Amino acid sequence: MTAALLLARQGVPSVVLEAAPAREMVGSRSICVQRDVLDILQRAGVGAQVAEVGVTWTRGRTYYREHLVGELVFPEVGDAAFPPFVNTPQTIVELLLEQAIGAEPLVELAYGSRVVAVAQDSDGVTVSTEDGRTFTGSHCVAADGPRSAVRSALGLSFDGMSFEDRFLIADIRADLAEKPERHFYFDPPWNPGRQVLVHPQPGGVWRIDWQVPADFDLTAAALEERVRAIVGDGAYEVVWVSLYRFHQRQASRMRVGRVLLAGDAAHVMSPFGARGLNSGIADADNAAWKIVLDREGLAGPALLSSYEVERAAAAAENLRVTGDTMRFLVPATDADRARRVDVLTRSIDDVDARASIDSGKLAEPYFYVDSPLTTSVPGPFPREPGRARPPVPGVLCPDAPLARGQRLRELVGRFVVLTYWCDWQPADAWERAVTAQPVPLDQEDDTVLADALRLKPRQVVVIRPDGHLAAVLTEPSGGVGPLVSAALRRAAGW
């Protein structure tokens, strides 16, 4: 649905085929929406609503048994459009997206349309549904989940592993805390040897995740015992409960011809760090602008293939980070178990040891510094999760209000060219077609963005339609035009 709405913003019609007969408002599922993903959703028309109806949390606490061994505090929102994280249940996000689609004439949403086959040629893609219908389009974004029929039809593998331990996940309405905070418990007395994660949700509901043995039997008595250990004697209501086994898997390909795999069809990972839904929406964003240019005949021959290059690298990074987390949470070897016990034990008194506790590195935008679309700059780049990224090509561009009365990220969808005391205008019809009007940053109110980009006078910034930096260029004596033209064409797959 996100991909469809982003396509519609650029005038591209689409049909969304949904296997289920109707949308089901059952369970929270993915709940943490990251700030930059809220920006994507805002371009799809729902970001502000997702933030408004959700719960903003700015503090996370980590405990080992009865000891507080870690605390994460996000800074105040300040001038940002959205807070760092908002907890909005996936069911609500889906509802808001569906409402936006209902008001968008370029998108058709077809329930009861389970895809069972796919075929393509040089002109387009045809999918067949279980009830005998066929649908044809120029491209297909296959976001049909971890058991993807499209992935199977393309003969792609889904390599990786699954964890033996299971996770009991419940939405509980209860009066647990005055302020919404994320609490992570290692080896609490009411779940010895394993973990419990507690997250706030709207409406006084709390999401509680218990790690449980593979043979755990979910009975009413077993659930009551576990919930009481957290809520005490107070009243509570079970809103939803389920048992999950977590997986770490990635499709062998994320693009075959005009078919692009996205979300759980392309990659599944453990939820610690909230990298599933957030990376899936980033897949949709990456796919949408490339499909737009390809349909319009403006894309170079390498643009569609760059979807797999970029998003497969992002998936691999997310799987690496979540894999490290799961090795700490669910150690499978004697060495990993010993390391976990050592780190947690030392963290009670040793502040330095707390940095080694891994309860999930939180989702963040991927960096396309190695992408063939990026006009690279030399120098080291910090790749560790959670590190501040310098504003170099490949990184998501900082956001800020502009003197013209909009925020920068409201302009993306086409290429955006920022000029800083430097003149540039499109050189030909192709550049006029792929870019919006250049945005000069020579007003006093634009210094926030210029400073965030660390710009010097007579520099130009090329921003991709998904908001990532494509190039940062310095005007030579002969003028900056040829450099911008080369950066634009490279970023468009030429």
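# Exercises on a predicted model

Asp-285 lies in helix α7, and the exercises below, which concern a predicted model, start from this residue before turning to cavities and strands.

## Exercise 1

Determine whether Asp-285 is buried or exposed, and list what Asp-285 is in contact with beyond its sequence neighbours.

**Solution.** The relative accessible area of Asp-285 is 6%. Because buried means under 20% relative accessible area, Asp-285 counts as buried. Once the neighbours within four places in sequence are left aside, the contacts of Asp-285 are Leu-6, Ile-40, Arg-43 and Asp-466. Two of these names, Ile-40 and Arg-43, return among the buried residues of α2, which leads to the next exercise.

## Exercise 2

Describe how far helix α2 is covered, and state which elements its buried residues pack against.

**Solution.** Begin with the count: seven of the nine residues of α2 are buried, so that the helix is mostly covered by the definition of buried used here. The buried residues are Asp-36, Val-37, Leu-38, Asp-39, Ile-40, Leu-41 and Arg-43. Next, look at their surroundings, where the buried residues of α2 pack against α1, β2 (32-34), α3 (47-53), β6 (85-87), α4 (90-102) and α7. Finally, follow the chain just past the end of α2, where Gly-45 takes a positive phi of about 105°.

## Exercise 3

Work out how many cavities of 30 Å³ or more the model has, and characterise the lining of the largest cavity.

**Solution.** The count comes to three cavities of 30 Å³ or more, and the largest cavity has a volume of about 350 Å³. Its lining holds 29 residues, of which Ala-282, Arg-311, Glu-364, Pro-365 and Tyr-366 are the closest to the centre. The elements that contribute two or more residues to this lining are α2 (35-43), α7 (276-295) and α8. Sorted by class, the lining of the largest cavity consists of eleven nonpolar, seven polar and eleven charged residues.

## Exercise 4

Identify the residues that line the second largest cavity, and find which element gives the most to that lining.

**Solution.** The second largest cavity has a volume of about 80 Å³. Its lining is made of Leu-6, Arg-9, Gln-10, Arg-43, Asp-285, Ala-288, Trp-289, Gly-413, Pro-465 and Asp-466. Two elements, α1 (2-9) and α7, give two or more residues to it, and α7 gives the most, with three residues. By class, the lining of the second largest cavity has four nonpolar, two polar and four charged residues. Asp-285, the starting residue, is thus one of the lining residues, as are Leu-6, Arg-43 and Asp-466, which are also its contacts.

## Exercise 5

Establish the strand order of the open three-stranded sheet, and say which helix packs on that sheet.

**Solution.** The order is β12-β18-β21, with antiparallel pairing. The edge strands, each pairing on one side only, are β12 (158-162) and β21 (267-268). Five bridges join β12 to β18 (residues 247-251), and within this pairing Asp-159 has Gln-250 of β18 as its bridge partner. Helix α8 (residues 303-329) packs on the sheet and touches β18 and β21, while its direction makes about 165° with that of β18.

## Exercise 6

Examine the hairpin of β24 and β25, and state which residue between the strands takes a positive phi.

**Solution.** Strand β24 (residues 459-463) pairs with strand β25 (residues 469-474) in the antiparallel sense over five bridges, and Val-461 has Val-472 of β25 as its bridge partner. Five residues stand between the strands of the hairpin, where Gly-467 takes a positive phi near 90°.

How values were computed. Residues are numbered from 1 along each chain as its sequence is written. This is a predicted model: local features need pLDDT of at least 70, side-chain atom pairs count only at pLDDT 80 or more; totals for chains, interfaces and linings use all residues. Side-chain values use heavy atoms; hydrogens and water are left out. Two strands pair if DSSP finds at least two bridges between them. Helices (H or I, at least four residues) and strands (E, at least two) are DSSP runs, numbered from the N terminus. Contact means heavy atoms within 4.5 Å. Axes are lines fitted to C-alpha atoms, for helices over the stretch in contact, and angles run from 0 to 180 degrees between N-to-C directions. On a 1 Å grid over the protein atoms alone, a cavity is a set of points where a 1.4 Å probe fits but cannot get out, and a pocket is an open set with protein on both sides within 12 Å along at least five of seven lines; lining residues have an atom within 4 Å of a point. Grid points are joined across faces, edges and corners, and a volume is the space filled by probe spheres set on the points. Ala, Val, Leu, Ile, Met, Phe, Trp, Tyr, Cys and Pro count as nonpolar, Asp, Glu, Lys and Arg as charged, and the others, Gly among them, as polar. Buried means under 20% relative accessible area, exposed over 50%, partly exposed in between (1.4 Å probe, protein chains only).
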